[in-house]
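Me: Please examine the two-chain model shown below with me. I shall put questions on its chains, helices and individual residues, and I should like each answer to be reasoned.

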Amino acid sequence: MGKIEWAMWANEQALASGLILLTGGIVGVAGQFRGWQFAAYAVAAGVFVCLLEYPRSKRSKGTSVERSGQYCFTVCVKAFGPLTRNYYVRAFLHAAICVPGGFMLATVLGCVCLGIASLIYLVAAIRGEHWEPILPRKEVRKPITESIKNPPQNPPPRPPAEIRRKRVDDLEGAAYDNPISVTDNE
Amino acid sequence: MGNWIINHGLTSFILVVWMGINIFLFVWFYFFYDLGDQFFYTRHLLGSALAWARAPAAVLNFNCLLILLPVCRNLLSLLRGSFVCCGRTMRKQLDKNLSFHKLVAYMIGLMTAVHMIAHLLNVEWYNNSRQGIYDKLSTALSNLEDSGNNTYLNPIRKTDIQIPTYFVFTTIAGLTGVIITLALILIITSSMEVIRRSYFEVFWYTHHLFVIFFAGLVFHGAGRIVRSQTKTDPPHNFTLCKDRSDEWGRIPECPIPQFAGGFPQTWMWVIGPMILYLCERLLRFIRYMQAVRYRKIVMRPSKVLELQLVKNGFKMEVGQYVFLNCPAISQLEWHPFTMTSAPEEDFFSIHIRSAGDWTDKLIDIQMEFAWLMGVDGPFGTASEDVFDYEVSMLVGAGIGVTPFASILKSIWYKFKDSNPKLRTRKIYFYWLCRETHAFEWFADLLQVLEKEMEERGMADFLTYKLYLTKWDQSHATHVRVHSDEDTDVVTGLKQKTYYGRPAWDKEFEQVRKENPTSVVGTFLCGPEALGTVLEKKCVKYSDVDPRKTKFYFNKENF
């Protein structure tokens, strides 16, 4: 949970509106309605809106959930830089796109829905939100040098060979003290 | 296959019946409008688009009736209570209320789309007929006036304004249709999982547009613009007269045909559930008005707040939940919390973890002053059934352990009182958690239980395994150093903490081996993914032979 990012809802609304515009447009063209030119426009506009809105933005707080297969769309949308990043631009773009839809019954619902999406985007823009692409994270391998303790460079100090040789006859005398104290390496 | 039937049989049956009713309604009304004689002339103007609009309308009526029912919490609780005698399979169905609500909503969305597209075609063709673009019969039919002894067929009366949009916005059906479809679209977009899980407030407030939806729906048919031919004296036989439209009214066998609009029926379908839902909301309000007193407020480690409350006439069962409202934070928001106290105690408690705006504010202000709270509930969920099973497997992930806190405490009380209602003779408890510091308040409870069981020599009754799913090198080292000690270094309990996730196959094998002839109930409060895994394991390890072990899966959800 977190503070509301209006853009997330605006995105769902805009995607739905794109689909509704598209459907209305197809019906208008297929049925050869009066004013079918507006319907043809709605088909194109609907496809455009769907393509623009399909890639979800990265959330500023929390985990972002991608839509399936959105990576290529993300790349395309990202290519337009500030035009797609800024939500003011999107708000006005959607407001402009939706207007011709209002001239024909089949597309009027798509028009109103897109208008609402435009308003929500405006709210998002005023609150300072912007679109961030969701890109796959590069795996960073943690350097493992920290956890592996440095192996010793030199062998431990030992007394000369004749003292080290095991003297079975004199075990007491064979014991020796280490010149350097040995401590457990914690 | 047999295992699947045991675990999913009744759900599938209900879905098949529901789908069957939908298909039946669609087909029946499609043919009613496509073949009925009284619609012959209407069909001449509209073709099969008439039937394509009316068939989804019937399905919509049925589904709008259904959609309010799964969200009547109190009604469902009542039903659950009355099914005490009727077996646990029936009661399990009521747990899936939200899934059913969503399914019905999808059907409503789909049928609205079909209905709307068909009506777009209808309006366009009515409009064209009125303009006289089509054949002679169409023009004649459209010209029928609504004056004196005559009735009209084509609802578009004006010829000067040619825009279908104008017609739609000046009729009741058109206007209500657009408004309620808009409401529906807003409800759907704000109910998408992403929005619902992250911004519950947006989802909840927008969802209340359903009031507008139902209001508009009831009036949608008031204009009676779907018209059929009525009987005249002498009768007007359309087979004879359809090609002689200029002679209508002038020859005895072809009087001018009369039409009337269909009686609006939607209100008959939805009025019942609307009243039920109104009662549901009233009941919630009444409960809210009853005073809730504080008994104790305790701040637990890891920002967990424990509230102990007392309310008159409040009776609970294990694992139930309540809705909490704090007007000081938000007048309208009600948030669900599972109760962590046992019914045997004279108060009820909830543990609230900081998980968002509302809970953060609640924790902050409770420490300063005990603000007024509203409590609605309790509402029952799957956990109530835990004592009915001879053997229970309880799985709680993270904060999902809360209903089981209530259960374990209740077990302890029933145990002490040697309560005969307790049919359970063995409980396996699995707690999965990411971090150690969330353990404290629950570890205290387990320590008490551990001691109690040892004193009575019943160490076998409860087997619990704690899994730390997030650990690192320093953890492992720490554990290794202390591995010889009697109690667990993390929790202080006698049972050792495991690391990583449980190997469910091994666990189910063990339960099956230790309980070869029992019915085992598996209860989960945790993420969906885990639920799917456990459900599969339940099906896999269940035996169709009624004498052998059978696993039933129950998932708690909000």
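Me: Among contacts in chain B between residues at least 6 apart in sequence, what percentage join residues at least 24 apart?

Reply: This is a predicted model, in which local features need pLDDT of at least 70, side-chain atom pairs count only at pLDDT 80 or more, and totals for chains, interfaces and linings use all residues. Residues are numbered from 1 along each chain as its sequence is written, chains are lettered from A and ligands numbered from 1 in the order in which they are written, and side-chain values use heavy atoms, with hydrogens and water left out. A contact means heavy atoms within 4.5 Å. For chain B, with contacts restricted to residues at least 6 apart in sequence, the share that joins residues at least 24 apart is 75%.

Me: How many helices and strands does chain B have, and what percentage of its residues count as buried?

Reply: Helices (H or I, at least four residues) and strands (E, at least two) are DSSP runs, numbered from the N terminus. On that basis chain B has 20 helices and 14 strands. Buried means under 20% relative accessible area, exposed over 50%, and partly exposed in between (1.4 Å probe, protein chains only). Of the 558 residues of chain B, the buried portion is 50%.

Me: What average pLDDT does chain B have?

Reply: pLDDT is the predictor's confidence in each residue, from 0 to 100. In chain B, 88% of the residues score at least 70. For the complex, the predictor gives an ipTM of 0.74 and a pTM of 0.74. The average pLDDT of chain B is 82.

Me: Which pattern does chain A follow along the sequence?

Reply: Chain A contains eight helices and zero strands. Of its 186 residues, 38% count as buried. Read along the sequence, the pattern of chain A is α-α-α-α-α-α-α-α.

Me: Which residues of chain A does the UniProt annotation "transmembrane region" cover?

Reply: The annotation comes from an unreviewed UniProt entry; positions are given in the numbering used here, feature names are shortened, and annotations may be inferred rather than shown by experiment. In the model, residues 12-30 of chain A are 100% helix and 0% strand, with end C-alpha atoms 27 Å apart. Residues 36-54 of chain A are 95% helix and 0% strand, and their end C-alpha atoms are also 27 Å apart. The record covers residues 12-30, 36-54 and 91-124.

Me: Why do the buried residues of H12(B) line one face of the helix, and within what arc do they fall?

Reply: The buried residues of H12(B) are B:Phe210, B:Phe213, B:Phe214, B:Gly216 and B:Leu217. Because they fall within a limited arc seen down the axis of H12(B), they line one face of the helix; the arc is that of the directions from the helix axis to the C-beta atoms. The face turned away from the buried side carries the exposed residues B:Val211 and B:Phe219. The arc is 165 degrees.

Me: Which helices of chain B do the buried residues of H12(B) pack against?

Reply: H12(B) spans residues 210-219. Its buried residues pack against helices H3 (49-67), H6 (97-130), H9 (172-190), H11 (200-207) and H14 (266-289) of chain B.

Me: Which residues of H19(B) are exposed on the other side of the helix?

Reply: In H19 of chain B (residues 504-514), B:Trp504, B:Glu507, B:Phe508 and B:Val511 are buried. They cover an arc of only 95 degrees around the axis, which puts them on the same side of H19(B). On the other side, the exposed residues are B:Lys506 and B:Lys513.

Me: With which side chain does the side chain of B:Asn22 make a polar contact?

Reply: B:Asn22 lies in helix H1 (residues 2-35) of chain B and is buried, with a relative accessible area of 3%. Leaving aside neighbours within four places in sequence, its contacts are B:Val59, B:Phe62, B:Asn63 and B:Met107. A polar contact is a pair of N or O atoms within 3.5 Å; within protein, one must be able to donate a hydrogen and the other to accept it, and residues adjacent in sequence count only if both atoms are side-chain atoms. The partner, at 3.1 Å, is B:Asn63.

Me: Is B:Ile427 buried or exposed?

Reply: The residue belongs to strand E10 (residues 426-433) of chain B. Not counting residues up to four places away in sequence, B:Ile427 touches B:Ser392, B:Leu394, B:Ile411, B:Phe461, B:Leu462 and B:Thr463. With a relative accessibility of 0%, B:Ile427 is buried.
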